[in-house]
Amino acid sequence: MSDPRLRLSSFAVVLPLGGDRAFVGHAVRGGPLVCDGAVGAVVQALATATSTSELESVLADDERFSESPGALVAIVEQLRDRGIVTSSTHEEEVLETRRFVEATHLGPGTGAIRARMRAEFAPAEHWQGAPPQRAQRAVVLGWCTAEALGPALRQEARARGVSLEVVTGFESDSQLARDHDADFTLLVLGNFRLLAPLFGCGPAEAAARALETAISECGHLVREAARHTRGVLLVSGCVSPQAEPLGLAAALCDDSASDRIVALNRGIRRAVAGVPGAVYVDLERLFGNEGKASLLDDLVAPWAHAGVAGGASNPRYHQLVARACFDALDARAGTRHIRLVAVDLDGVLWPGEIAEPEFSFQDPSRVQSLLYGTHGGIHEALRALGARGILLAVVSKNVRASVLEKWNAATIGELGPNLLCPGDFAALKLDWTEKSQALAQLSAELGVSPAAMAFLDDSPLERAEVSHALPAVWVLDVPLEQLRETLLTSPRFESLEQSPEARARTETTQARLLRDRALDRADDRAGFLAGLGVVCTLRTAHDARALDRAAELVARTNQFRTTAERPSRREVEAFAQDPSASVITLEVSDRFGSYGVTGVALTRAGELRLLTLSCRVIGADVHHVLFRAALEACRARAPGADVLVCFSDTPDNAPTKRLFEAAELVEHPNGRVLPASAALPPFPGHCQVASEPSQR
């Protein structure tokens, strides 16, 4: 195979910055780029190398390329795509560039407008290391700064292992999401035409009409973007001005510019809430936390144009928005979601050691901290996480009886409303076990992988012990004064679950632990299950609430699932709407409590595409109920055919193989097959099974 010649473009501007760093740009196409790491090394090597083989020779001693043989070719291809590297002759490149200028920068219509937007607002991108392996496509819709978000989104994507292709359009160009099969669409609302009237000081009637028009148009844009978006739709809100045009008089009326933006954002959020799977990106909160003065130029230029302070010289604006977008995508996917926070007691939930004889919750210093200070703030933050559906657990080296005596007494006194009580925690590990062992026990008992656990402790020694023994656990190695901020602001603690089951997770987990302990004490497992009073209700889901819960289970459950496939909320809805498919949900209760909808199966024709079950009901042996119902649905839609049960091994889903114990299944490259001649597995004898009408 020939080795084509390579060279830096005749229009490339390369400025070495020391070491392997370099600033690179294209004199005509733009796209300023700061390269370091492996990318910077390739750019500098191209000053002398004229082919891929020469590049390999020049960089032969660089371990970054010897350890990843494909990285060099991938970097060259990305630089070629940006016009920095070319195989064309100088004459050919001049001709190509002239055509590009005529078609884009100097052409009629939006090309010239967009070129000016990029030049005005876009900061330089920053590349380092080998290109990511995962590829995604994004569409950004909006004006002004929205046009310039592409570089920041690509840079943030690279930091998260994603190679991102970004296509931009105006707010109404929502068909781009469909045309480019976008993995996500970012709709940046609030152009000058909509916002300028809201900032004016004219008649109140005109402002009210302008607000009504803005809310209506934003809602329409959200719905249109959703209609064309296959993946996740992100919608950013609008930002109130730094200076209120009415000044102090704004406090004497209920129609200030800030009030109008609040109302507009409320309307946008309402539109977003009506779109399954969409996420609202709160720019007002984001910029308020960071400081608007350093991010926005509305004290210099018109507020409504949503400009960026310092233009291209201020990349912080773009970085914040890009990071918020990917944090929202992570929250929607649940990829790095923390499901359990394990917390030490002494020094974290209160000052001092509770086991000391002189310890008292009535001590003035403790009262001060628990009511108004650091420890009270941690209680409040943990309570907020519990409301998000995140489990809490105690891991403390202490004497259980004495701790609970003092702690319970404090929660019924004056401090009670400010204190978490023992019942707010799904589990209490109060003994002298090493904390890493206690966390490993929690992982097994609660069905939460170490990678989905966070650990809080004021002792550097304990934090180091857990980090060494369980490196997957997120140990919050921050000062006590920063714990509250981390708990309330880290994207890893975000949760978009809204179902009753998510809000009742602590109670249902406690019920599950009671059931498991009773089972451990039982001499006869079959007899125990028979007396458990298990009631299983099967439904075919169609309405929004049922599909929301099904999508939650599909996204969050790890241990008991037949494949690693994680369909989005929209894909789950597509199953429900397909006449050849079905979404079957399982609701479970027993004498220890009601667990709500804890299982879901997705079927299409003669395939069981996915079955997943919450760990809260695994011990009740209800998996065969859902399995039987799913197989029955497959046969109903493909009579006389074999049923394929899709299955793939993952590091966590070994318990799922229990499904195959009671059925006459045969091996298949994609899982297991139930032959058409085989009988369906029976419902477990200890379960009372009811089927309710489809939820429409």
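In the predicted model, strand 3 is connected to strand 4 by a hairpin of three intervening residues. Strand 3 and strand 4 (residues 30-36) are antiparallel and share four bridges, and Phe23 has Val34 of strand 4 as its bridge partner. On the other side of the sequence, strand 3 (residues 21-26) also pairs with strand 2 (residues 12-18), again in the antiparallel sense, over six bridges. Within this pairing, Ala12 is bridged to His26 of strand 3. The hairpin of strand 2 and strand 3 has two residues between the strands, and Gly19 adopts a positive phi near 65 degrees there.

An open sheet of eight strands is also found, with mixed pairing and the strand order 22-23-21-20-19-18-17-24. Its edges are formed by strand 22 (666-668) and strand 24 (687-691), each of which pairs on one side only. From one strand to the next, the twist averages 25 degrees. Inside this order, strand 20 (residues 607-613) and strand 21 (residues 643-646) run parallel and are joined by two bridges. Glu607 lies opposite Leu644 of strand 21. Helix 21 (residues 505-521) packs on the sheet, where strand 18 (581-590) and strand 19 (593-604) are touched by the helix. The direction of helix 21 makes about 95 degrees with that of strand 19.

Helix packing is illustrated by helix 10 (residues 204-228) and helix 11 (residues 257-273), whose axes come within 9 Å and cross at roughly 25 degrees. Because this angle is under 35 degrees, helix 10 is classed as roughly parallel to helix 11. The crossing of the two helices is right-handed. On the side of helix 10, the contact involves Ala207, Leu211, Ala214, Ile215, Cys218, Gly219 and Val222. These residues meet Arg260, Ala263, Leu264, Gly267, Ile268, Ala271 and Val272 of helix 11. Sorted by class, the contact between helix 10 and helix 11 comprises eleven nonpolar, two polar and one charged residues.

Over the whole chain, 25 helices and 24 strands are assigned. The radius of gyration is 29 Å, close to the 26 Å given by the globule rule for 696 residues, and the chain is therefore as compact as a globular protein of that length. Along the principal axes, the C-alpha atoms fill a box of roughly 85 × 75 × 65 Å.

Terms used: Residues are numbered from 1 along each chain as its sequence is written. This is a predicted model: local features need pLDDT of at least 70, side-chain atom pairs count only at pLDDT 80 or more; totals for chains, interfaces and linings use all residues. Side-chain values use heavy atoms; hydrogens and water are left out. Axes are lines fitted to C-alpha atoms, for helices over the stretch in contact, and angles run from 0 to 180 degrees between N-to-C directions. Angles under 35 degrees count as roughly parallel, over 145 as roughly antiparallel, 65 to 115 as roughly perpendicular and the rest as oblique. A crossing is left-handed if the near helix is turned anticlockwise from the far one by less than a right angle, and right-handed if clockwise. Contact means heavy atoms within 4.5 Å. Ala, Val, Leu, Ile, Met, Phe, Trp, Tyr, Cys and Pro count as nonpolar, Asp, Glu, Lys and Arg as charged, and the others, Gly among them, as polar. Two strands pair if DSSP finds at least two bridges between them. The radius of gyration is taken over C-alpha atoms; the globule rule is 2.2 Å times the number of residues to the power 0.38.
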